[in-house]
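Student: Could you take me slowly through one part of this structure, a single strand and the strands beside it? I would like to see how each statement about it is reached.

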Amino acid sequence: MFNRRQFLTRAVRGSSLLALGSAVPQFVAQTARAAAPGKDTILVVVEMTGGNDGLNTVIPYADDLYHKARPTLRQTKQQVVVLDDHVGLHSGMQALRPLWEAGNLAVVQGVGYPNPDRSHFEAMDIWHTADPKRAATTGWLGRASGEMENRSGGVPILHVGTGKAPLAATGAQGRGAVSVGDQNSFRLELGNGDRKDSRRKLLEAVTTPATSTDDDDPLAFVQRRQVQTLTAVENLRELLEGPRAIRGFGGGLQQKFQLIAGLIARGFGTRIFYVSLDGFDTHADQAPAHQQLLTQLATGIGEFFRELKDTGNDSRVRVLTFSEFGRRVTENGSRGTDHGAASCVLLAGGGVKGGVVGKHPSLSDLDSDDLKYHTDFRSLYATLLDDWLNCDSKSVLGAKWDHIKALAAR
């Protein structure tokens with residue numbers, strides 16, 4: 001047993017593993033909004049970084065125009081994981097077949113937004129903020145964490161990966177996700193600006209009586225929130241480094257899913273998890289790289305749900321995949337594809353009404369060789385927020401969006 005000073009000192013010592021948004025005091029005010037272990041629903045978001053080729057993920061194998069546009073990248077009916085008489089999943093996604101056959105995989109086609117941006121950075125920011133006008137400075141998941149019910153003192157959003165937490169997980173006034181990025185070290189990072197100064201202020205707060213009630217004041221933060229928040233951090237450290245540490249924590253996507261499954265099984269209390277898989281900017285020699293990436297994605301998701309089922313948690317977890325944009329319909333001269341627009345989204349897990357959602361975008365009616373979207377991604381977000389996370393989507397997204405009925409919770 002150790003006192004408050006020892007607790008905080010231990011939490012800020014060592015090398016990087018945990019990162020809390022850009023300002024600890026503001027973030028901590030939201031730490032209570034987490035899952036009631038074994039009860040609340042959980043969302044795992046998978047970012048496919050680089051612009052995934054949706055046309056070769058959900059493949060219109062029955063369309064001659066597809067085969068004409070993709071002479072070296074095309075896949076036939078004999079290769080794909082057939083979903084219906086028109087489309088199938090890429091052959092690298094065989095590991096998703098059990099979820100599909102169980103009715104727990106939805107394939108949403110034609111997802112996008114008006115006037116699409118083909119810049120990696122701008123397009124990713126749009127998906128992260130849910131704001132095509134790029135006026136928002138916070139992320140949709142970060143805003144959602146402020147709307148979730150106050151049930152336990154855990155961490156509302158956990159980013160599993162190196163580097164700072166994604167914009168999607170950043171809330172108001174710098175509130176953000178906790179980031180787990182390295183299995184061999186531990187630290188409570190205190191901001192994206194002058195971290196040394198932030199750490200000094202926090203340590204001073206341990207030894208100086210608080211005189212302020214301002215939420216931005218580290219002194220008030222220590223008095224009101226240190227037990228709740230730092231206990232959650234300490235619990236996380238025990239789960240990662242203690243004698244009963246969760247197995248398999250590492251840098252690969254499958255290992256990230258193993259960590260998340262372990263945290264869910266141990267009742268850690270986080271309701272939103274965020275992971276990334278990079279490498280989808282396939283301008284040249286796309287076929288082998290895309291095959292490997294989609295195999296990694298499908299295997300990770302498939303094994304994740306098998307682990308969740310073993311612990312009785314599969315029905316309360318959903319996995320959402322997205323990428324900043326799709327690729328052009330016609331393959332380029334380097335046997336790759338260039339930046340495009342509309343793409344597909346996968347949603348797997350508990351309560352999902354499995355099936356193909358929406359028509360595949362036309363290959364004869366294109367916008368500068370890009371697929372046209374018919375489903376705004378904010379409708380997808382609104383459906384998940386209202387029906388799955390029990391958040392007020394209008395408060396999070398700034399407007400009311402129609403739900404995608406096929407994705408409504410059972």
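Tutor: Before we look closely, one term is needed: a residue counts as buried when its relative accessible area is under 20%, and as exposed when that value is over 50%. The model in front of you is predicted, and Cys344, at 12% relative accessibility, counts as buried because this value is under 20%. Cys344 falls within the residue range of strand β12, which covers residues 343-349, and β12 leads us to the part you asked for, since 3 bridges join β12 to strand β11 in an antiparallel arrangement. In this pairing, Val319 of β11 stands opposite Ala348 in β12.

Strand β11 itself spans residues 317-322 and is mostly covered, with 6 of its 6 residues buried. In a regular strand the side chains alternate between the two faces of the sheet. Here, Val317, Val319 and Thr321 point one way from β11, whereas Arg318, Leu320 and Phe322 point the other way, and all of them are buried.

β11 is also joined to strand β2, residues 42-49, by 6 bridges, and these two strands run parallel. Within that pairing, Val45 stands opposite Leu320 of β11. β11 is therefore paired in parallel with β2 and in antiparallel fashion with β12.

To return to the cysteines, Cys391 also counts as buried, because its relative accessibility is 4%. A disulfide is a covalent bond between the sulfur atoms of two cysteines, and the structure holds 0 disulfides.

How values were computed
Residues are numbered from 1 along each chain as its sequence is written. This is a predicted model: local features need pLDDT of at least 70, side-chain atom pairs count only at pLDDT 80 or more; totals for chains, interfaces and linings use all residues. Side-chain values use heavy atoms; hydrogens and water are left out. A disulfide is a pair of cysteine sulfur atoms within 2.5 Å. Buried means under 20% relative accessible area, exposed over 50%, partly exposed in between (1.4 Å probe, protein chains only). Helices (H or I, at least four residues) and strands (E, at least two) are DSSP runs, numbered from the N terminus.
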